[in-house]
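Here is a tutorial dialogue for a reader who is meeting this structure for the first time. Please look at the sequence and the model before reading on.

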Amino acid sequence: MENKWFLSMIRDEFRGGKINLEKTHKLLEKLDIQCNYVHVKSIFKDNDRLKQGRITIEEFRSIYRLIAHREEIVEIFNTYSGNQKFLVEKNLLQFLIQEQYILDMSQNIAFEIIQKYEPIEEVKRAHRMSFEGFIRYMGSSECLIFKPDCGRVYQDMTQPLNDYFISSSHNTYLISDQLLGPSDLWGYVSALVKGCRCLEIDCWDGSQNEPVVYHGYTLTSKLLFKTVIQAIHKYAFLTSDYPVVLSLENHCSPSQQEVMADTLQSVFGDALLSDMLDDFPDKLPSPEVLKFKVLVRNKKIGTLRETHERKGSNKHGQVEEFEEIYQDEIKGSETLIGSEDNPGKEDEIISVAGLPLFKKRKVKVALALSDLVIYTKAEKFRSFQHSRLYQQFNESNSIGETEARKLLKLRAHEFVLHTRRFITRIYPKATRTDSSNFNPQEFWNIGCQMVALNFQTPGLPMDLQNGKFLDNGGSGYILKPQFLRDIKTQFNPNKPPNQSDPVTLTIRLISGIQLPPSNHSSSNKADALVILELFGVPNDQTKQQTRVIKRNAFSPRWNETFTFIIQVPELALMRFVVESQGLITGNEFLGQYTLPVLSMNKGYRRVPLFSKMGESLEPASLFIYVWYVR
């Protein structure tokens, strides 16, 4: 029956005799078999016996079987079909329950899978599944490692904003390095498309009273503030309905701040949040309440009540001046250029409670812009004690990575208590002029909501960022675990938890499917190995790796089992990295995939691979078996 179906699908293509490589590739796709052209080309060459660049129908059948009929899938099929040609509904159901851990079971689900994936009509009508149907099901999105439930918004979105991790970018306008590279609208568009919800806009006085966006005191090119805001407006809610925060690094004069305020109001209209949602707020509103809203993060004058009372009044020309304390830039502060705070005109050196040198400066803020800041007021971080005593619920801090790392080492529990109450943004140190990134995991571990990365720079930190925010429908908001939100929390990421509920995760790494060949291979080869890296609290961080399979990127078989005991699974990410071994130049990166441990599906699963730049390498993937107990 399978033979008859197969010939009926391909016979027409061979009416004129043999077919070439291009037609072979197209015919495989017509049969719903995804193929990497490099691998098809190599297998075609091996099967073209006469070496004329054309193959017979029998040679095509051999190629099809080699690509589609993978041994490891045949073994699973034979186990459940009792070495018969077909799976009946009962057998398929048994496979789904025992191996795929599908719990909402009814005979119906087996029927639905057969209807969806069985290509042979007679078999489908008999409520059975052939091997052809089985390979199509196993290669489908239903058998991916990422749980489909986590691909939609499933978390409680009614908690205050500070209870969420928020996808955040740093210097969003840059698309290469921090000193000479171009500023580009694409920085904002691509970040929003990736689900980023907090964008940074570095604003400076421009000519003809038009504020500009660029990295101050550097040779990066300039964008008009107005153009940036128009681009954000267009793409803000394309990927996610949840609020966008515009973090303004504001270096403008009061008159151009007024232009900024006008632009924000005219472009965003009602989407711009410019007043309190409650009369007497004492906590931040939720992402749910703020759907389709844009929030401005900047310095603010006065209270929310005063802002509310001024609503609708003419604020033109009204400028307020206030004194701000900031750490001396020479004495080990984060910033060299393009400081996260306003550059001051008049500086007076002072000392604060025996801490390192601080300075006081006068900052001018246009009331029109100040009044657009409601729930995300930027406030200089001084100390956890100062925040405990004086910080208001709507005030958030930006802390540079170096200072944040020191606090994390010395006062991790206090840091957790701080992020439980206040939105905390962590940004890369200014010496990262190449736009490199730090590892965001260490700051997620202490509950920092906005860990801002250079989205334009590929590599491990962005892999972790993209992997973490796959969760909750890619909405850019992830509810923090209970132990990072609890008022009585004792959590300290640097110490083993008191009441741990560890997960024992076991992964059998079975095989690779059409992996990207090595750049050093003239055909489709690689000396393939896989590294399984676990990221989370320091105690959970570990990596394990497979042996090397020489000269095989098409279908390497490892069949190796790895076990991880994870103390804090709620914060853990698993990263699969595929490399080609290089003895002289070091290993070559071929592809990776990262996801939260608790978003992993159990059973036989496919791990789709992505390039260093974050592009899909489909159909390149790993075939694995996952199970875990808690």
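What follows is a conversation in which a learner asks how to read some features and a teacher replies.

Q: What kind of model is this, and how are residues numbered?
A: This is a predicted model, in which local features need pLDDT of at least 70 and side-chain atom pairs count only at pLDDT 80 or more, while totals for chains, interfaces and linings use all residues. Residues are numbered from 1 along each chain as its sequence is written, and side-chain values use heavy atoms, with hydrogens and water left out.

Q: What is the mean pLDDT of the protein, and where does pLDDT stay under 50?
A: pLDDT is the predictor's confidence in each residue, from 0 to 100. The mean for the protein is 91, and 92% of its residues reach 70 or more. Over residues 329–339 the pLDDT stays under 50, and the model has 31 contacts (heavy atoms within 4.5 Å) for them beyond four places in sequence. Residues 341–352 are also below 50, with 36 contacts in the model beyond near neighbours in sequence. Where pLDDT is low, the predicted coordinates should not be read in detail.

Q: Which domains does the assignment give?
A: Domain bounds come from an automatic or database domain assignment. Here the assignment gives domain 1 (1–68), domain 2 (71–143), domain 3 (161–304 + 355–484) and domain 4 (503–629). The centres of domain 1 and domain 3, taken over C-alpha atoms, are separated by 53 Å.

Q: Which residues does UniProt list for "domain: EF-hand" and "domain: C2"?
A: UniProt positions are given in the numbering used here, feature names are shortened, and annotations may be inferred rather than shown by experiment. The unreviewed entry lists residues 35–70 for "domain: EF-hand", a span that is 64% helix and 0% strand in the model. Helices (H or I, at least four residues) and strands (E, at least two) are DSSP runs, numbered from the N terminus. The annotation "domain: C2", also from an unreviewed entry, covers residues 485–611; that span is 0% helix and 46% strand, and its end C-alpha atoms lie 35 Å apart.

Q: How do strands E19 and E20 pair?
A: Two strands pair if DSSP finds at least two bridges between them. Strand E19 (residues 528–535) pairs with strand E20 (residues 542–545) in the antiparallel sense over four bridges, and the two form a hairpin with six residues between them. Leucine 534 has threonine 542 in E20 as its bridge partner.

Q: Where do phi and the peptide bond depart from what most residues show?
A: Most residues other than glycine have a negative phi, and most peptide bonds are trans. Arginine 551, however, has a positive phi near 50°, and this residue lies in the loop between E20 and strand E21 (557–566). A cis peptide bond, with omega about 5°, joins glutamate 618 and proline 619, and proline 619 has its place in strand E25 (residues 616–629).

Q: Which residues does serine 274 touch, beyond those up to four places away in sequence?
A: Serine 274, in the loop between helix H12 (254–268) and strand E9 (294–297), touches Lys311, Asp371, Leu372 and Ile374 when residues up to four places away in sequence are not counted. The C-alpha atoms of serine 274 and aspartate 371 are 7.0 Å apart, although 97 residues separate the two along the chain.
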